[in-house]
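Please examine the model shown below with its sequence at hand. The account that follows is meant to be read alongside it.

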Amino acid sequence: MLKGKVALVTGSSRGIGRAIALKLAEQGADVIINFFRRRQAAEQTAKDVESLGVTAKVIKANVGDPEKIDEMFDIIGSSFGRLDIFINNAASGLPRSALDLDTKGWEWTMDINARAFLLCTQRAVRLMEGRGGKIVTISSLGSSLVLPGYVAIGVSKAALEALTRYLAIELAPKGICVNTVAASLVPTETGMLYARGGQQGEGSSWQTTPAGRLVSAEDIANVVAFLCSEEAFMIRGQIIIIDGGTSLAPFSLVSKGGGH
Amino acid sequence: MSATEETIKDIIVKIVHCDREVLTPTSTFEDMKADSLDMVQVLVALEDEFDIEIPDEDAQKFQNFGDFAAYVEARVAEKGNA
(Lines give C-alpha, C1' and ligand atoms only; values in the text may rest on other atoms or scores of the structure.)
Protein backbone atom coordinates (compact mmCIF):
# COMPACT_ATOMS: atom_id res chain seq x y z
CA MET A 1 0.00 0.00 0.00
CA LEU A 2 1.09 3.54 -0.65
CA LYS A 3 -0.44 5.33 2.32
CA GLY A 4 1.42 8.55 3.13
CA LYS A 5 3.36 8.56 -0.15
CA VAL A 6 3.39 11.57 -2.46
CA ALA A 7 3.13 10.79 -6.17
CA LEU A 8 3.48 12.95 -9.26
CA VAL A 9 1.83 11.68 -12.45
CA THR A 10 2.59 13.82 -15.50
CA GLY A 11 -0.16 14.07 -18.10
CA SER A 12 -2.81 12.74 -15.77
CA SER A 13 -5.87 14.75 -16.80
CA ARG A 14 -7.12 11.83 -18.89
CA GLY A 15 -6.35 8.42 -20.39
CA ILE A 16 -3.56 6.30 -18.97
CA GLY A 17 -2.26 9.04 -16.65
CA ARG A 18 -5.69 9.49 -15.10
CA ALA A 19 -6.02 5.72 -14.52
CA ILE A 20 -2.60 5.67 -12.84
CA ALA A 21 -3.46 8.69 -10.65
CA LEU A 22 -6.65 6.98 -9.50
CA LYS A 23 -4.91 3.65 -8.86
CA LEU A 24 -2.17 5.26 -6.74
CA ALA A 25 -4.82 7.24 -4.85
CA GLU A 26 -6.81 4.06 -4.28
CA GLN A 27 -3.68 2.64 -2.65
CA GLY A 28 -3.40 5.64 -0.35
CA ALA A 29 -0.97 8.00 -2.11
CA ASP A 30 -1.50 11.75 -2.31
CA VAL A 31 -1.37 12.60 -6.01
CA ILE A 32 -0.09 15.59 -7.95
CA ILE A 33 -1.98 15.80 -11.23
CA ASN A 34 0.03 17.51 -13.93
CA PHE A 35 -1.70 18.65 -17.11
CA PHE A 36 -0.82 20.76 -20.12
CA ARG A 37 -3.97 21.59 -22.09
CA ARG A 38 -7.05 20.11 -20.38
CA ARG A 39 -7.75 21.94 -17.13
CA GLN A 40 -11.36 20.81 -16.71
CA ALA A 41 -10.36 17.18 -17.18
CA ALA A 42 -7.46 17.58 -14.73
CA GLU A 43 -9.76 19.09 -12.13
CA GLN A 44 -12.19 16.21 -12.60
CA THR A 45 -9.34 13.74 -12.04
CA ALA A 46 -8.36 15.68 -8.89
CA LYS A 47 -11.95 15.51 -7.65
CA ASP A 48 -12.05 11.76 -8.27
CA VAL A 49 -8.69 11.32 -6.51
CA GLU A 50 -9.93 13.29 -3.49
CA SER A 51 -13.07 11.17 -3.33
CA LEU A 52 -10.73 8.27 -2.47
CA GLY A 53 -9.74 10.06 0.75
CA VAL A 54 -6.33 11.41 -0.25
CA THR A 55 -4.96 14.81 -1.24
CA ALA A 56 -4.85 15.92 -4.87
CA LYS A 57 -3.01 18.91 -6.30
CA VAL A 58 -3.35 20.10 -9.89
CA ILE A 59 -0.31 21.70 -11.56
CA LYS A 60 -0.31 23.00 -15.12
CA ALA A 61 3.03 22.57 -16.89
CA ASN A 62 4.23 21.84 -20.39
CA VAL A 63 6.94 19.29 -19.64
CA GLY A 64 8.50 20.09 -23.00
CA ASP A 65 9.64 23.39 -21.49
CA PRO A 66 12.49 23.12 -18.94
CA GLU A 67 11.39 26.32 -17.17
CA LYS A 68 7.89 24.92 -16.65
CA ILE A 69 9.38 21.72 -15.26
CA ASP A 70 11.36 23.77 -12.75
CA GLU A 71 8.27 25.75 -11.78
CA MET A 72 6.28 22.53 -11.29
CA PHE A 73 8.92 21.01 -9.01
CA ASP A 74 9.29 24.27 -7.09
CA ILE A 75 5.55 24.07 -6.33
CA ILE A 76 5.83 20.39 -5.34
CA GLY A 77 8.78 21.22 -3.08
CA SER A 78 6.98 24.05 -1.34
CA SER A 79 3.65 22.20 -1.07
CA PHE A 80 4.83 18.72 -0.05
CA GLY A 81 8.55 19.06 0.71
CA ARG A 82 9.20 15.62 -0.76
CA LEU A 83 8.26 13.16 -3.50
CA ASP A 84 8.09 9.37 -3.23
CA ILE A 85 6.78 8.38 -6.65
CA PHE A 86 7.31 9.95 -10.06
CA ILE A 87 5.33 8.60 -13.00
CA ASN A 88 6.57 9.98 -16.33
CA ASN A 89 3.46 9.59 -18.44
CA ALA A 90 2.98 12.84 -20.41
CA ALA A 91 3.51 12.32 -24.14
CA SER A 92 2.80 14.05 -27.41
CA GLY A 93 3.45 13.72 -31.11
CA LEU A 94 1.99 14.02 -34.57
CA PRO A 95 1.04 11.04 -36.76
CA ARG A 96 3.62 11.48 -39.55
CA SER A 97 5.81 9.28 -41.69
CA ALA A 98 9.58 9.74 -41.46
CA LEU A 99 9.76 11.62 -44.76
CA ASP A 100 7.04 14.05 -43.68
CA LEU A 101 8.62 14.91 -40.32
CA ASP A 102 10.00 18.41 -39.88
CA THR A 103 12.39 19.61 -37.18
CA LYS A 104 9.57 21.31 -35.28
CA GLY A 105 7.58 18.08 -34.96
CA TRP A 106 10.70 16.08 -34.13
CA GLU A 107 11.86 18.45 -31.39
CA TRP A 108 8.38 18.82 -29.94
CA THR A 109 8.05 15.04 -29.61
CA MET A 110 11.56 14.49 -28.26
CA ASP A 111 11.32 17.34 -25.76
CA ILE A 112 8.02 16.17 -24.25
CA ASN A 113 8.50 12.42 -24.52
CA ALA A 114 12.20 11.91 -23.83
CA ARG A 115 13.99 15.02 -22.54
CA ALA A 116 11.26 15.69 -19.97
CA PHE A 117 11.91 12.28 -18.40
CA LEU A 118 15.55 13.24 -17.80
CA LEU A 119 14.83 16.76 -16.55
CA CYS A 120 11.91 15.73 -14.32
CA THR A 121 13.95 12.86 -12.88
CA GLN A 122 16.82 15.24 -12.04
CA ARG A 123 14.38 17.38 -10.05
CA ALA A 124 12.44 14.42 -8.60
CA VAL A 125 15.62 12.85 -7.21
CA ARG A 126 16.30 15.99 -5.16
CA LEU A 127 12.94 15.46 -3.45
CA MET A 128 13.59 11.72 -2.96
CA GLU A 129 17.18 12.03 -1.72
CA GLY A 130 17.86 10.16 1.52
CA ARG A 131 14.53 8.30 1.51
CA GLY A 132 14.48 6.42 -1.79
CA GLY A 133 11.67 6.42 -4.29
CA LYS A 134 10.01 4.88 -7.32
CA ILE A 135 10.15 6.17 -10.86
CA VAL A 136 8.12 4.60 -13.66
CA THR A 137 7.88 5.81 -17.22
CA ILE A 138 5.37 4.83 -19.86
CA SER A 139 6.57 3.55 -23.22
CA SER A 140 4.91 1.62 -26.03
CA LEU A 141 5.58 -1.22 -28.45
CA GLY A 142 6.45 1.48 -31.00
CA SER A 143 9.89 1.77 -29.36
CA SER A 144 10.92 -1.51 -30.96
CA LEU A 145 8.20 -2.36 -33.51
CA VAL A 146 7.30 -0.25 -36.54
CA LEU A 147 3.84 1.32 -36.27
CA PRO A 148 2.31 3.48 -38.99
CA GLY A 149 2.93 7.23 -38.58
CA TYR A 150 4.64 6.62 -35.26
CA VAL A 151 8.29 7.23 -36.11
CA ALA A 152 8.98 10.29 -33.92
CA ILE A 153 7.14 8.89 -30.93
CA GLY A 154 8.68 5.44 -31.45
CA VAL A 155 12.18 6.91 -31.44
CA SER A 156 11.40 9.06 -28.40
CA LYS A 157 10.11 5.99 -26.55
CA ALA A 158 13.28 4.08 -27.46
CA ALA A 159 15.26 6.94 -25.89
CA LEU A 160 13.04 6.73 -22.84
CA GLU A 161 13.74 3.02 -22.47
CA ALA A 162 17.51 3.48 -22.80
CA LEU A 163 17.35 6.30 -20.26
CA THR A 164 15.46 3.99 -17.90
CA ARG A 165 18.38 1.57 -17.88
CA TYR A 166 20.99 4.27 -17.27
CA LEU A 167 18.96 5.99 -14.57
CA ALA A 168 18.17 2.69 -12.86
CA ILE A 169 21.86 1.98 -12.35
CA GLU A 170 22.86 5.54 -11.48
CA LEU A 171 20.04 5.91 -8.95
CA ALA A 172 20.21 2.39 -7.49
CA PRO A 173 22.59 3.41 -4.64
CA LYS A 174 20.07 6.07 -3.63
CA GLY A 175 17.34 3.45 -3.18
CA ILE A 176 15.42 4.75 -6.17
CA CYS A 177 13.88 2.14 -8.49
CA VAL A 178 13.47 3.13 -12.15
CA ASN A 179 11.45 1.03 -14.58
CA THR A 180 9.34 1.31 -17.72
CA VAL A 181 5.97 -0.09 -18.68
CA ALA A 182 5.55 -0.53 -22.44
CA ALA A 183 2.06 -1.20 -23.73
CA SER A 184 0.45 -2.09 -27.02
CA LEU A 185 -2.47 0.04 -28.20
CA VAL A 186 -4.68 1.35 -25.42
CA PRO A 187 -8.03 2.63 -26.73
CA THR A 188 -7.81 6.08 -25.15
CA GLU A 189 -8.65 9.21 -27.16
CA THR A 190 -4.99 9.57 -28.20
CA GLY A 191 -4.41 5.86 -28.79
CA MET A 192 -7.34 5.63 -31.19
CA LEU A 193 -6.02 8.57 -33.20
CA TYR A 194 -2.99 6.46 -34.12
CA ALA A 195 -4.96 3.26 -34.58
CA ARG A 196 -7.33 4.92 -37.04
CA GLY A 197 -4.47 6.58 -38.88
CA GLY A 198 -2.76 3.24 -39.31
CA GLN A 199 -5.05 0.35 -40.02
CA GLN A 200 -8.64 0.58 -41.08
CA GLY A 201 -11.63 -1.71 -41.02
CA GLU A 202 -13.15 -4.60 -39.15
CA GLY A 203 -10.73 -7.35 -38.24
CA SER A 204 -7.69 -5.07 -38.34
CA SER A 205 -5.03 -6.35 -36.03
CA TRP A 206 -5.17 -3.31 -33.72
CA GLN A 207 -8.64 -4.29 -32.54
CA THR A 208 -7.52 -7.13 -30.30
CA THR A 209 -4.56 -9.07 -28.85
CA PRO A 210 -3.90 -12.81 -28.44
CA ALA A 211 -5.41 -12.36 -24.96
CA GLY A 212 -8.72 -11.53 -26.60
CA ARG A 213 -9.04 -7.82 -25.93
CA LEU A 214 -7.09 -4.59 -26.10
CA VAL A 215 -4.96 -3.41 -23.17
CA SER A 216 -6.84 -0.99 -20.92
CA ALA A 217 -5.51 2.03 -19.05
CA GLU A 218 -6.31 0.12 -15.85
CA ASP A 219 -4.09 -2.80 -16.97
CA ILE A 220 -1.20 -0.34 -17.13
CA ALA A 221 -2.12 1.33 -13.84
CA ASN A 222 -2.10 -2.04 -12.08
CA VAL A 223 1.46 -2.80 -13.17
CA VAL A 224 2.62 0.74 -12.39
CA ALA A 225 1.18 0.41 -8.87
CA PHE A 226 3.05 -2.87 -8.43
CA LEU A 227 6.31 -1.26 -9.58
CA CYS A 228 5.70 1.47 -6.97
CA SER A 229 5.34 -1.11 -4.19
CA GLU A 230 8.12 -2.50 -2.00
CA GLU A 231 7.48 -5.95 -3.53
CA ALA A 232 9.08 -4.64 -6.73
CA PHE A 233 12.23 -3.36 -4.98
CA MET A 234 14.60 -5.66 -6.87
CA ILE A 235 13.22 -4.85 -10.32
CA ARG A 236 15.60 -2.26 -11.81
CA GLY A 237 15.82 -0.73 -15.26
CA GLN A 238 13.37 -3.17 -16.84
CA ILE A 239 10.89 -2.69 -19.65
CA ILE A 240 7.71 -4.50 -18.62
CA ILE A 241 5.61 -5.25 -21.70
CA ILE A 242 1.81 -5.23 -21.35
CA ASP A 243 0.37 -6.28 -24.69
CA GLY A 244 -1.73 -9.42 -24.24
CA GLY A 245 0.98 -11.27 -26.18
CA THR A 246 0.84 -9.10 -29.31
CA SER A 247 4.60 -8.63 -29.66
CA LEU A 248 5.22 -12.38 -29.40
CA ALA A 249 2.62 -13.47 -31.94
CA PRO A 250 1.66 -10.55 -34.18
CA PHE A 251 0.51 -12.73 -37.07
CA SER A 252 -1.98 -14.65 -34.92
CA LEU A 253 -4.07 -11.49 -34.93
CA VAL A 254 -4.80 -11.68 -38.61
CA SER A 255 -7.21 -14.50 -37.79
CA LYS A 256 -8.42 -12.44 -34.81
CA GLY A 257 -6.71 -14.63 -32.16
CA GLY A 258 -8.37 -16.52 -29.35
CA GLY A 259 -8.77 -15.54 -25.75
CA HIS A 260 -11.58 -14.42 -23.53
CA MET B 1 -6.72 47.21 -34.33
CA SER B 2 -5.67 46.65 -30.72
CA ALA B 3 -2.13 46.03 -29.52
CA THR B 4 -3.27 42.61 -28.28
CA GLU B 5 -4.52 41.65 -31.73
CA GLU B 6 -1.25 42.84 -33.25
CA THR B 7 0.68 40.60 -30.86
CA ILE B 8 -1.58 37.64 -31.64
CA LYS B 9 -0.86 38.15 -35.34
CA ASP B 10 2.89 38.44 -34.70
CA ILE B 11 2.87 35.15 -32.86
CA ILE B 12 0.77 33.30 -35.45
CA VAL B 13 2.90 34.56 -38.35
CA LYS B 14 6.09 33.54 -36.53
CA ILE B 15 4.91 30.04 -35.64
CA VAL B 16 2.70 29.11 -38.60
CA HIS B 17 4.80 30.95 -41.23
CA CYS B 18 1.66 32.28 -42.93
CA ASP B 19 1.20 35.70 -44.54
CA ARG B 20 -0.09 38.36 -42.18
CA GLU B 21 -2.75 39.29 -44.77
CA VAL B 22 -4.32 35.85 -44.32
CA LEU B 23 -5.33 36.83 -40.77
CA THR B 24 -8.76 38.42 -41.18
CA PRO B 25 -11.71 38.04 -38.76
CA THR B 26 -13.29 35.35 -40.96
CA SER B 27 -10.15 33.40 -41.85
CA THR B 28 -10.07 29.82 -40.58
CA PHE B 29 -7.12 27.79 -39.33
CA GLU B 30 -7.25 25.89 -42.62
CA ASP B 31 -6.74 29.21 -44.43
CA MET B 32 -3.58 29.70 -42.36
CA LYS B 33 -2.49 26.16 -43.28
CA ALA B 34 -1.85 25.53 -39.58
CA ASP B 35 -1.55 21.94 -38.36
CA SER B 36 -2.48 20.79 -34.86
CA LEU B 37 1.07 21.27 -33.56
CA ASP B 38 1.17 24.83 -34.93
CA MET B 39 -2.06 25.59 -33.09
CA VAL B 40 -0.84 24.18 -29.78
CA GLN B 41 2.37 26.17 -30.09
CA VAL B 42 0.42 29.35 -30.85
CA LEU B 43 -1.76 28.79 -27.77
CA VAL B 44 1.26 28.14 -25.57
CA ALA B 45 3.07 31.23 -26.90
CA LEU B 46 0.01 33.39 -26.24
CA GLU B 47 -0.37 31.97 -22.74
CA ASP B 48 3.24 32.83 -21.98
CA GLU B 49 3.06 36.26 -23.63
CA PHE B 50 -0.08 37.41 -21.82
CA ASP B 51 0.14 35.20 -18.71
CA ILE B 52 -3.34 33.82 -19.38
CA GLU B 53 -4.73 30.31 -19.81
CA ILE B 54 -6.45 29.02 -22.96
CA PRO B 55 -7.51 25.45 -22.17
CA ASP B 56 -8.27 23.05 -25.03
CA GLU B 57 -11.85 22.89 -23.85
CA ASP B 58 -12.17 26.55 -24.97
CA ALA B 59 -9.77 26.42 -27.93
CA GLN B 60 -11.84 23.72 -29.62
CA LYS B 61 -14.72 26.18 -29.98
CA PHE B 62 -12.91 28.76 -32.12
CA GLN B 63 -14.30 28.87 -35.67
CA ASN B 64 -12.03 31.55 -37.11
CA PHE B 65 -9.38 34.14 -36.33
CA GLY B 66 -12.02 36.66 -35.22
CA ASP B 67 -13.38 34.31 -32.51
CA PHE B 68 -9.88 33.47 -31.43
CA ALA B 69 -8.67 37.08 -31.17
CA ALA B 70 -11.85 38.13 -29.32
CA TYR B 71 -11.38 35.30 -26.80
CA VAL B 72 -7.73 36.21 -26.14
CA GLU B 73 -8.57 39.91 -25.83
CA ALA B 74 -11.30 39.08 -23.31
CA ARG B 75 -8.90 36.94 -21.25
CA VAL B 76 -6.26 39.68 -21.32
CA ALA B 77 -8.85 42.30 -20.27
CA GLU B 78 -10.07 40.05 -17.42
CA LYS B 79 -6.53 39.72 -16.21
CA GLY B 80 -6.04 43.49 -16.40
CA ASN B 81 -9.14 43.98 -14.23
CA ALA B 82 -8.23 41.31 -11.72
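The paragraphs below treat the strands of chain A, then one of its helices, and finally the contact between the chains. The model is a predicted one.

A convenient starting point is strand 2 of chain A, which spans residues 30-35. Six of the six residues of this strand are buried, so strand 2 of chain A is largely enclosed by the rest of the structure. In a regular strand the side chains alternate between the two faces of the sheet. Here both faces are covered: one side holds Asp30(A), Ile32(A) and Asn34(A), the other holds Val31(A), Ile33(A) and Phe35(A), and all of these are buried.

Strand 2 of chain A has pairing partners in strand 1 and strand 3 of chain A. With strand 1 of chain A the pairing is parallel and extends over four bridges; within it, Val9(A) has Ile33(A) as its bridge partner. The connection from strand 1 to strand 2 of chain A passes through helix 1 of chain A, residues 15-26, and this β-α-β crossover is right-handed. With strand 3 of chain A, strand 2 also runs parallel, and five bridges join the two. Phe35(A) is matched there with its bridge partner Lys60(A). Strand 2, helix 2 (residues 39-50) and strand 3 of chain A together form a right-handed β-α-β unit.

Strand 1 of chain A also pairs with strand 4 of chain A, in the parallel sense and over three bridges. Val9(A) takes part in this pairing too, with Ile87(A) as its bridge partner in strand 4 of chain A. Strand 4 of chain A covers residues 85-88; Ile85(A) and Ile87(A) point one way, Phe86(A) and Asn88(A) point the other way, and all are buried. Four bridges then link strand 4 to strand 5 (residues 133-140) of chain A, and these strands run parallel. Ile87(A) stands opposite Val136(A) of strand 5 of chain A. A right-handed β-α-β unit is made by strand 4, helix 4 and strand 5 of chain A.

Attention now turns to helix 3 of chain A. This helix, residues 66-80, contains 15 residues and reaches 21 Å from its first C-alpha to its last, close to the 21 Å expected at 1.5 Å a residue. Its buried residues include Ile69(A), Met72(A), Phe73(A) and Ile76(A). They cover an arc of only 90 degrees around the axis, which puts them on the same side of helix 3 of chain A. The buried residues of the helix pack against strand 1, strand 2, strand 3 and helix 4 of chain A. On the face turned away from the buried side are the exposed residues Glu67(A), Asp74(A) and Ser78(A). Just after the helix, Gly81(A) adopts a positive phi of about 75 degrees.

The last topic is the contact between the chains. Nine residues of chain A and seven residues of chain B take part. On the side of chain B that touches chain A, helix 2 (36-50) and helix 3 (56-59) of chain B each supply at least two residues. Helix 2 of chain B gives the most, with three residues. By character, the residues on this side of chain B divide into three nonpolar, one polar and three charged. Glu57(B) lies in helix 3 of chain B. Glu57(B) is exposed, with 12 other C-beta atoms within 10 Å. Apart from its neighbours within four places in sequence, Glu57(B) is in contact with Arg38(A) and Gln40(A).

Technical notes: Residues numbered from 1 in each chain as written. Chains lettered and ligands numbered in written order. Predicted model: local features only at pLDDT ≥ 70, side-chain atom pairs only at ≥ 80, totals over all residues. Contact = placed C-beta atoms within 7 Å. Nonpolar A, V, L, I, M, F, W, Y, C, P; charged D, E, K, R; others polar. Expected span 1.5 Å × (residues − 1). Buried ≥ 20, exposed ≤ 12 C-beta atoms within 10 Å, placed from the backbone. Arc of directions from axis to C-beta. Pairing = 2+ DSSP bridges. Right-handed = clockwise from strand over helix to strand, strands pointing away.
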